[in-house]
Structure formats: structure tokens, C-alpha cells
Amino acid sequence: MNEFYLAKIFKEKYGMIVNVYLSCCRLVAAKQKLRFSACSLEEIAFSVGWKDAQYLSRMFKKLERMTPGEYRKNW
């Protein structure tokens, strides 16, 4: 099975491309860590598979429409 066929099947089944699905999964994990731990953004970013805290912040703001700090403060 080649990657293009797999990507097509994945999109048909889940309604999104693999990269978006992976980002959503990482965001869910990051949100859990923001709520229930005192880890730094750098530690959280690394633990969910993102390269640094800036990228986590950028993706968080793009998908949740608030910063990780605002999210943590609200919980």
C-alpha cells in the first residue's frame, strides 16, 4: 500500500488529512498537561511531539483561539 492511497483512505474515513489529525491529537495531550501538571510549555511541547514551545503556542492559538497560558489560567 502506498502513502497516497493510505492518505486518501484516511481522509475518507476521518474527514481530515493525517497531519491535521495528528495535530489535534497532540493538542488534546497538551491541553491535558496544561490542566493537570505544572510542566513548562517547553516540556509539554517536547512531550507531545512538537519541536518547541513557540510552535506549541502557535498551533494552540490557531486551533483553540487562545494562548496556552490563557487556557491554563482558565482551568
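The following exchange concerns a predicted model of a protein chain.

Reader: Which secondary-structure elements does the protein chain have, and in what order do they run?
Author: The model is predicted, and its protein chain contains zero strands alongside five helices. Read from the N terminus, the order of the elements is α-α-α-α-α.

Reader: What radius of gyration does the protein chain have, beside that of a compact globule of 75 residues?
Author: Along the principal axes, the C-alpha atoms fill a box of roughly 45 × 20 × 20 Å. For a compact globule of 75 residues, a radius of gyration near 11 Å would be expected, but the protein chain has 14 Å.

Reader: What share of the 75 residues is buried?
Author: The accessible surface of the protein chain comes to about 5,700 Å², and carbon and sulfur atoms account for 58% of that surface. A residue counts as buried when its relative accessible area is under 20%. Of the 75 residues, the buried share is 21%.

Reader: Which helices each supply at least two residues of the largest nonpolar core?
Author: The largest nonpolar core has eleven residues in all: Leu27, Ala30, Leu34, Ile44, Ala45, Val48, Trp50, Leu56, Met59, Phe60 and Tyr71. At least two residues of this core come from each of H2, helix H3 (41-48) and helix H4 (53-64).

Reader: Is Ser23 buried or exposed?
Author: Ser23 belongs to helix H2, which spans residues 18-36. Not counting residues up to four places away in sequence, Ser23 touches Trp50, Met59 and Leu63. Its relative accessibility is 14%, which lies under the 20% limit, so Ser23 counts as buried.

Reader: Is Lys31 buried or exposed?
Author: Lys31 also lies in helix H2. Apart from neighbours within four places in sequence, its contacts are Phe60, Glu64 and Tyr71. Because its relative accessibility is 18% and the limit is 20%, Lys31 counts as buried.

Reader: Which residues are in contact with Tyr71, leaving aside its neighbours within four places in sequence?
Author: Tyr71 is one of the residues of the largest nonpolar core. Lys31 has Tyr71 among its contacts. With neighbours within four places in sequence left aside, the contacts of Tyr71 are Lys31, Leu34, Arg35, Phe60 and Met66.

Reader: How many Å apart in space are Lys33 and Ser47, C-alpha to C-alpha?
Author: Lys33 is found in helix H2, and its relative accessible area of 32% makes it partly exposed. Beyond residues up to four places away in sequence, Lys33 touches Ile44, Ser47, Val48 and Arg72. Lys33 and Ser47 are 14 residues apart in sequence, and their C-alpha atoms are separated in space by 9.4 Å.

Reader: Where does Arg65 lie, and what is notable about its phi?
Author: Arg65 lies in the loop between H4 and helix H5 (68-74), and it is exposed, with a relative accessible area of 70%. Most residues other than glycine have a negative phi. Arg65, a residue other than glycine, instead has a positive phi, near 60°.

Reader: How far apart do the centres of the positive and negative side chains lie?
Author: The protein chain carries 14 positive side chains and 7 negative ones. The centres of the two sets lie apart by 5 Å.

Reader: Among contacts between residues at least 6 apart in sequence, what share joins residues at least 24 apart?
Author: The contacts considered here have heavy atoms within 4.5 Å. Among those between residues at least 6 apart in sequence, the share that joins residues at least 24 apart is 40%.

Note on methods:
Residues are numbered from 1 along each chain as its sequence is written. This is a predicted model: local features need pLDDT of at least 70, side-chain atom pairs count only at pLDDT 80 or more; totals for chains, interfaces and linings use all residues. Side-chain values use heavy atoms; hydrogens and water are left out. Helices (H or I, at least four residues) and strands (E, at least two) are DSSP runs, numbered from the N terminus. The radius of gyration is taken over C-alpha atoms; the globule rule is 2.2 Å times the number of residues to the power 0.38. Buried means under 20% relative accessible area, exposed over 50%, partly exposed in between (1.4 Å probe, protein chains only). Accessible areas come from the Shrake-Rupley method with a 1.4 Å probe; for residues, only the protein chains shown count as cover. Lys and Arg count as positive and Asp and Glu as negative; His and the chain ends are not counted. The place of a charge is taken as NZ of Lys, CZ of Arg, CG of Asp or CD of Glu. A nonpolar core is a set of buried Ala, Val, Leu, Ile, Met, Phe, Trp, Tyr and Cys residues joined through side-chain atoms within 4.5 Å.
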